[in-house]
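Please examine the sequence and the model shown here before reading on. The report after them is arranged by topic.

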Amino acid sequence: MHHKKLGWKTPVLTALILLLLFQIGDIVHLSYLDKSSCPLPVLMYHHFAQESDSGTVVTTERFQEQVTAMKEAGYHAVTIAQLVAYVEEGTALPDKPVLITMDDGYASNLTEAAPILEEAGMCATVFSIGINEGEECYPHSGEPMWQERFAFEKARPWVEKGVIDVQSHTYDMHQLASYGYSGRDGVRRLEGESSEDYRRAVLGDAEAFRQRRGDRVGTQLLALAYPFGYYTEEADALLKEAGYAATFTIDERPNRLRIHDESCLRMMGRLNVTDWMSGEYLVQQLDRYSGKLIG
């Protein structure tokens, strides 16, 4: 009798176990099976130099190591235009996409980083501060720039090669109240500022950047990175109105792109890359940022 019952239960138990395993597999591999969404790590760099004594400065040697490690690990650098096309139209992205970004518009993005990217067949997006573009001195103080900033025309050859794209870091909102110029911290609303005055300030700054950039670069203006990471829902709604399809913070968190869900392109997280990060460590972080999204 015992064997007879076991024989009857065995196929049922086997089926239940298989069903459970399939369900676990679906959960574990959901990110890979779901073709309507995609994890996207975003890296944030600033200035490049032969030597580094600052957290925002990455040496050329270290950058070479990091780019090589990303390439060997199978990561493919993408552009913001590709992200927008994926979300809006479902245009496929390469396997293991990564968005490489650089803030402020330093000349070193072109002289130091761009050749390394070109050699590796990769690309990056530079978020340039409009009012500082191509200037030797800070327009408000008249003091010499900490580091040279490139003019849009200098970037254009790299843009035409598909190695560099230039997007916005605002025109003149890369300021803190402590600077004593606008009294504003990044894009935040001033204390007591009316909604209409604030709207006029944000949209006016966006238009000033658009006018300065003009057709001097040759790609579509699609994205903005928030100065100092200061952002609000109110500011983001205004920047969407201004025509920015994607916005970026400095919050260190993963992102997931979803087809036909434009909200996934708003206030995206980025991983700040420093000179102490080896290529191996950076790849581990990229894997981790993608792995966080499994399940």
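The following sections describe the overall make-up of the protein and then selected residues and their surroundings.

## Overall make-up

The structure is a predicted model. The protein has 295 residues, of which 47% count as buried. Its secondary structure consists of nine helices and twelve strands.

The accessible surface amounts to about 14600 Å², and carbon and sulfur atoms account for 55% of that surface. When contacts between residues at least 6 apart in sequence are considered, 66% of them join residues at least 24 apart.

## Aromatic pairs

The model contains nine aromatic pairs. One of them is formed by Phe127 and Phe248, whose ring centres are 5.6 Å apart and whose planes meet at 45 degrees, a tilted arrangement. This pair links distant parts of the chain: Phe127 belongs to strand β7 (residues 124–128), Phe248 belongs to strand β10 (residues 246–248), and 121 residues separate the two. Phe127 is buried, with a relative accessible area of 0%, and Phe248 is likewise buried, with a value of 0%.

Ring pairs also join Tyr45, Phe48 and Phe63 into a cluster.

## Lysines over aromatic rings

Two lysines are placed over rings. The charged end of Lys96 sits over the ring of Tyr75, at 4.5 Å from the ring centre. Lys161 lies over the face of Trp158, with a distance of 4.4 Å to the ring centre.

Lys96 is located in the loop between α4 (80–89) and β6 (97–104). Lys96 is partly exposed, its relative accessible area being 37%. The backbone of Lys96 is also notable for its phi, which is near 50 degrees, a positive value in a residue other than glycine.

## A positive phi in strand β6

Asp104 also has a positive phi, of about 95 degrees, although it is not a glycine. Asp104 is placed in strand β6. With 7% relative accessibility, Asp104 counts as buried.

## Cysteines

How many disulfides does the model contain? The count is zero. A disulfide is a covalent bond between the sulfur atoms of two cysteines. For Cys38, which is in no disulfide, the nearest cysteine sulfur is that of Cys264, 10.0 Å away. Cys38 is buried, at a relative accessible area of 11%.

Seen from the other side, the cysteine sulfur closest to that of Cys264 is in Cys38, and the separation of 10.0 Å is too far for a bond. The cut-off for a disulfide is 2.5 Å between sulfur atoms, so the distance of 10.0 Å between Cys264 and Cys38 rules out a bond. Cys264 counts as buried, with 7% relative accessibility.

## Ala124 in strand β7

Ala124 is part of strand β7. Its relative accessibility of 3% places Ala124 among the buried residues.

The C-alpha atoms of Ala124 and Thr101 are separated by 5.5 Å, although the two residues are 23 residues apart along the chain. Apart from residues up to four places away in sequence, Ala124 touches Ile100, Met102, Leu117, Val163, Ile164 and Asp165.

## Glu133 and its polar contacts

Glu133 lies in the loop between β7 and α6 (152–161). Is Glu133 buried or exposed? At 4% relative accessibility, Glu133 is counted as buried.

The side chain of Glu133 has two polar partners described here. With the side chain of Arg216, the side chain of Glu133 makes a polar contact at 2.6 Å. The side chain of Glu133 also reaches the backbone nitrogen of Phe152, at 2.9 Å. The residues touched by Glu133, when those up to four places away in sequence are not counted, are Ser128, Phe150, Ala151, Phe152, Glu153, Arg212 and Arg216.

## Gly186 in the loop before α7

Gly186 is found in the loop between β8 (164–168) and α7 (195–213). Gly186 counts as buried, having 2% relative accessibility.

Between Gly186 and Leu176, ten residues apart in sequence, the C-alpha to C-alpha distance is 6.1 Å. Which residues does Gly186 contact, leaving aside its neighbours within four places in sequence? They are Met173, Gln175 and Tyr230.

Methods:
Residues numbered from 1 in each chain as written. Predicted model: local features only at pLDDT ≥ 70, side-chain atom pairs only at ≥ 80, totals over all residues. Heavy atoms only, no water. Phe/Tyr/Trp six-rings, centres within 6.5 Å; stacked < 30°, edge-to-face > 60°. Helix = DSSP H or I, 4+ residues; strand = E, 2+ residues; numbered from the N terminus. Buried < 20%, exposed > 50% of the residue type's maximum accessible area, 1.4 Å probe, protein only. Lys NZ or Arg CZ within 6 Å of the ring centre and 35° of its normal. Contact = heavy atoms within 4.5 Å. Areas by Shrake-Rupley, 256 points an atom, 1.4 Å probe, with all protein chains shown as cover. Polar contact = N/O pair within 3.5 Å; in protein donor to acceptor, adjacent residues only side chain to side chain.
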